[in-house]
Amino acid sequence: VQLQASGGGLVQAGGSLTLSCTASGRTFSTYVMGWFRQAPGKEREFVGTIRRSGGSPYYADSVKGRFTISRDNAKNTVYLQMNSLKPEDTAVYYCAADRTYYSEDYYPRRTNDYHYWGQGTLVTVSS
């Protein structure tokens with residue numbers, strides 16, 4: 001699968017932005033999807049993940065309550081709605097996909113859990 005992320009840009013602190021990630025092919029619903037981010041000089045970190053059905057999204061503590069992941073399997077797209085943005089949210093945001101079937105009590109949140117990656121989209125939050 002090929003992933004194309006979009007929607008990044010410059011936003012003021014406290015603002016909102018929605019990222020999209022569109023996948024190629026006709027098997028999007030068979031992939032668990034995740035969002036990660038990488039700030040300059042830092043390692044790539046987990047943001048959130050969503051199951052194939054769109055249920056049970058799981059978030060990193062740093063974004064919980066501010067970010068929302070959703071997906072539209074008919075449009076082959078996963079979204080990351082980001083509210084109350086902070087300067088520390090500044091990073092390149094990546095979407096990722098994988099077809100591994102994990103147990104219900106495991107939320108894939110390691111970079112090694114995902115086989116496919118998009119190219120990233122830059123989000124800059126000004127103070």
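Accessible areas here come from the Shrake-Rupley method with a 1.4 Å probe. This is a predicted model.

**Stop 1: the whole chain**

Show the protein chain as a cartoon. Its accessible surface comes to about 6,600 Å². Carbon and sulfur atoms account for 46% of that surface. Now look at the secondary structure. How many helices and strands does the protein chain have? There are 0 helices and 11 strands. Trace the chain along its sequence and the pattern reads β-β-β-β-β-β-β-β-β-β-β.

Next, turn on the C-alpha atoms. They fill a box of roughly 40 × 25 × 25 Å along the principal axes. The radius of gyration of the protein chain is 14 Å. A compact globule with 127 residues would have a value near 14 Å, so the two agree.

Colour by burial. Of the 127 residues, 43% are buried. Then draw the contacts between residues at least 6 apart in sequence: 59% of them join residues at least 24 apart.

Finally, pick out the charges. The protein chain has 14 positive and 10 negative ones. The mean positions of the two groups lie 5 Å apart.

**Stop 2: Asp-98**

Select Asp-98. You are in strand β9, which covers residues 91-98. Is Asp-98 buried or exposed? Its relative accessible area is 7%, and because buried means under 20%, Asp-98 counts as buried.

Show the side chain. Which side chain does the side chain of Asp-98 meet in a polar contact? The partner is the side chain of Thr-100, at 2.5 Å. Now find the backbone nitrogen of His-115. The side chain of Asp-98 reaches that atom at 2.9 Å.

Widen the selection, leaving aside neighbours within four places in sequence. Asp-98 is in contact with Thr-30, Tyr-31 and Val-32, among others. The list also includes Arg-52, Asp-113, Tyr-114 and His-115. Pause on Val-32. This residue is 66 residues from Asp-98 along the chain, yet their C-alpha atoms are separated by 5.5 Å.

**Stop 3: Phe-28**

Select Phe-28. Where does this residue sit? Phe-28 is in the loop between β3 (17-23) and β4 (32-38). The relative accessibility of Phe-28 is 2%, so this loop residue counts as buried.

What does Phe-28 touch, not counting residues up to four places away in sequence? Show Ala-23 and Met-33, which are among its contacts. Then add Arg-71, Asp-72 and Asn-73. Complete the set with Asn-76, Thr-77 and Val-78.

Now measure from Phe-28 to Ala-74, C-alpha to C-alpha. The distance is 8.5 Å, across 46 residues of sequence.

**Stop 4: two serines**

Keep one point of background in mind here: most residues other than glycine have a negative phi.

Select Ser-56. Look in the loop between β5 (45-50) and β6 (58-59). The phi of Ser-56 is positive, near 50°, though the residue is not a glycine. Ser-56 is partly exposed, with a relative accessible area of 41%.

Move on to Ser-84. Which loop holds Ser-84? Look between β8 (77-82) and β9. Ser-84 is not a glycine, but its phi is positive, at about 50°. Ser-84 has a relative accessible area of 41%. That value lies between the 20% limit for buried and the 50% limit for exposed, so Ser-84 is partly exposed.

Note on methods:
Residues are numbered from 1 along each chain as its sequence is written. This is a predicted model: local features need pLDDT of at least 70, side-chain atom pairs count only at pLDDT 80 or more; totals for chains, interfaces and linings use all residues. Side-chain values use heavy atoms; hydrogens and water are left out. Helices (H or I, at least four residues) and strands (E, at least two) are DSSP runs, numbered from the N terminus. Buried means under 20% relative accessible area, exposed over 50%, partly exposed in between (1.4 Å probe, protein chains only). Contact means heavy atoms within 4.5 Å. A polar contact is a pair of N or O atoms within 3.5 Å; within protein, one must be able to donate a hydrogen and the other to accept it, and residues adjacent in sequence count only if both atoms are side-chain atoms. The radius of gyration is taken over C-alpha atoms; the globule rule is 2.2 Å times the number of residues to the power 0.38. Lys and Arg count as positive and Asp and Glu as negative; His and the chain ends are not counted. The place of a charge is taken as NZ of Lys, CZ of Arg, CG of Asp or CD of Glu.
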